[in-house]
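Reader: I would like to learn how to read the features of a structure one by one. Where do we begin?

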Amino acid sequence: MIFAAILAGGTGNRMGIVEKPKQFLLLGNKPIIIHTIEKFYINPNFDEIIVLCPKQWINHTKDLISRYINDSNNIKVIEGGNLRNDTIMNAVKYIENSYELNEEFIIVTHDSVRPFITHRIIEENIKYTIEHGSCDTVIPSTDTIVESEDGKFISSIPNRQNMYQGQTPQSFKILKLKELYNNMSNEEKNLLTDASKIFSINNEKVFLVKGEVSNIKITYPHDLKVANSILKNGL
């Protein structure tokens, strides 16, 4: 079985919005989160779409889905976690409690505020997770990456040709993800900023899926302006 996990746990602090999380802001004539869910909803490969959001926004999210999506029986809304990987593991727990897990079960995790995810990216995430067990969506870095360990002076400047910018989806075989995560120490878990790192720090290979420049994450007010321009111009 193949599941989508739409990660909608953000509170919108960097957007400067206090009355609602950024995923509920309008993009065109629909909330950002609805644009994102629809990209997965129209893909016939998914057995279930799991939307994870703050507890106090669960009913609001359900109402939006009912309003914009006619047949939403395969869309479930559940509570996310305090951190990104807690949210992903909440999705894993839900799947485990609802189905009898086996080694072929796949989860495709995606930011709710990346509404321009393409059909190709979704399809390749599924394909390469089946083949390799995990994958991450990336684009080549166009800027030089500078590392500073103390925040004051340059520690190193990696070769740009080897550098990529991470996007989502990030996709995994569920049993392997659960096994690797449960084997990590609490200290290691606290250092996680990215789900693919669960695999990489355990010396598990993560296949790279080519992303798109348009697959932007709406984080700041400027991003929302760019997103509306992309939507308007059909880029």
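Author: We begin with burial. Buried means under 20% relative accessible area, exposed means over 50%, and partly exposed lies in between, with a 1.4 Å probe and protein chains only. This is a predicted model: local features need pLDDT of at least 70, side-chain atom pairs count only at pLDDT 80 or more, and totals for chains, interfaces and linings use all residues. Residues are numbered from 1 along each chain as its sequence is written, and side-chain values use heavy atoms, with hydrogens and water left out.

Reader: Is I78 buried or exposed?

Author: I78 has 17% relative accessibility, so it counts as buried. I78 belongs to strand β5. Helices (H or I, at least four residues) and strands (E, at least two) are DSSP runs, numbered from the N terminus.

Reader: How far apart are I78 and T36 in sequence and in space?

Author: In sequence, 42 residues separate I78 and T36; from C-alpha to C-alpha the distance is 17 Å. T36 is one of the buried residues of helix α1. Helix α1 covers residues 32-41, and 8 of its 10 residues are buried.

Reader: And the opposite case: why does N203 count as exposed?

Author: N203 has a relative accessible area of 74%, so it is exposed. It sits in the loop between α7 and β9. The backbone of N203 deserves a look too: phi is near 60°, a positive value in a residue other than glycine.

Reader: Now the sheet. How do I read strand pairing?

Author: Strands of a sheet pair through backbone hydrogen bonds, either parallel or antiparallel. Here two strands pair if DSSP finds at least two bridges between them. In this model 7 strands form an open sheet in the order β5-β4-β1-β6-β8-β7-β9, with mixed pairing. β5 (75-79) and β9 (207-210) stand at the edges with a single partner strand each, so one side of each has no neighbour in the sheet. Neighbouring strands are turned by 30° against each other on average, direction ignored. For such angles, axes are lines fitted to C-alpha atoms, for helices over the stretch in contact, and angles run from 0 to 180 degrees between N-to-C directions.

Reader: Which strands does β4 join through bridges, and how many bridges are there?

Author: Strand β1 (residues 2-7) runs parallel to β4 and is joined to it by 5 bridges. A4 stands opposite I49 in β4. β4 and β5 also run parallel, with 5 bridges. There, I49 has I75 in β5 as its bridge partner.

Reader: Which residues of β4 point one way, and which the other?

Author: E48, I50 and L52 point one way; I49, V51 and C53 point the other way; all are buried. Strand β4 spans residues 48-53, and 6 of its 6 residues are buried.

Reader: What about β8: how many of its residues are buried?

Author: In β8, 7 of the 10 residues are buried, so the strand is largely enclosed by the rest of the structure. Strand β6 (residues 106-111) runs antiparallel to β8, and 4 bridges join them. V108 has S171 as its bridge partner in β8. Strand β7 (residues 134-140) pairs with β8 in the antiparallel sense over 6 bridges. C135 stands opposite S171, and V138 is partnered with G166.

Reader: Where is the cis peptide bond?

Author: It joins T168 and P169, with omega about 15°. P169 is placed in strand β8.

Reader: How do I read aromatic pairs?

Author: Rings of Phe, Tyr and Trp (its six-membered ring) pair if their centres lie within 6.5 Å; planes under 30 degrees apart count as stacked, over 60 as edge-to-face and the rest as tilted. The whole structure has 6 aromatic pairs. F172 and F199 have ring centres 5.1 Å apart and planes at 20°, so they are stacked. This pair links distant parts of the chain, 27 residues apart: F172 is in strand β8 (residues 164-173) and F199 in helix α7 (residues 196-200). Both F172 and F199 are buried. Elsewhere, ring pairs link F3, Y99 and F105 into a cluster.
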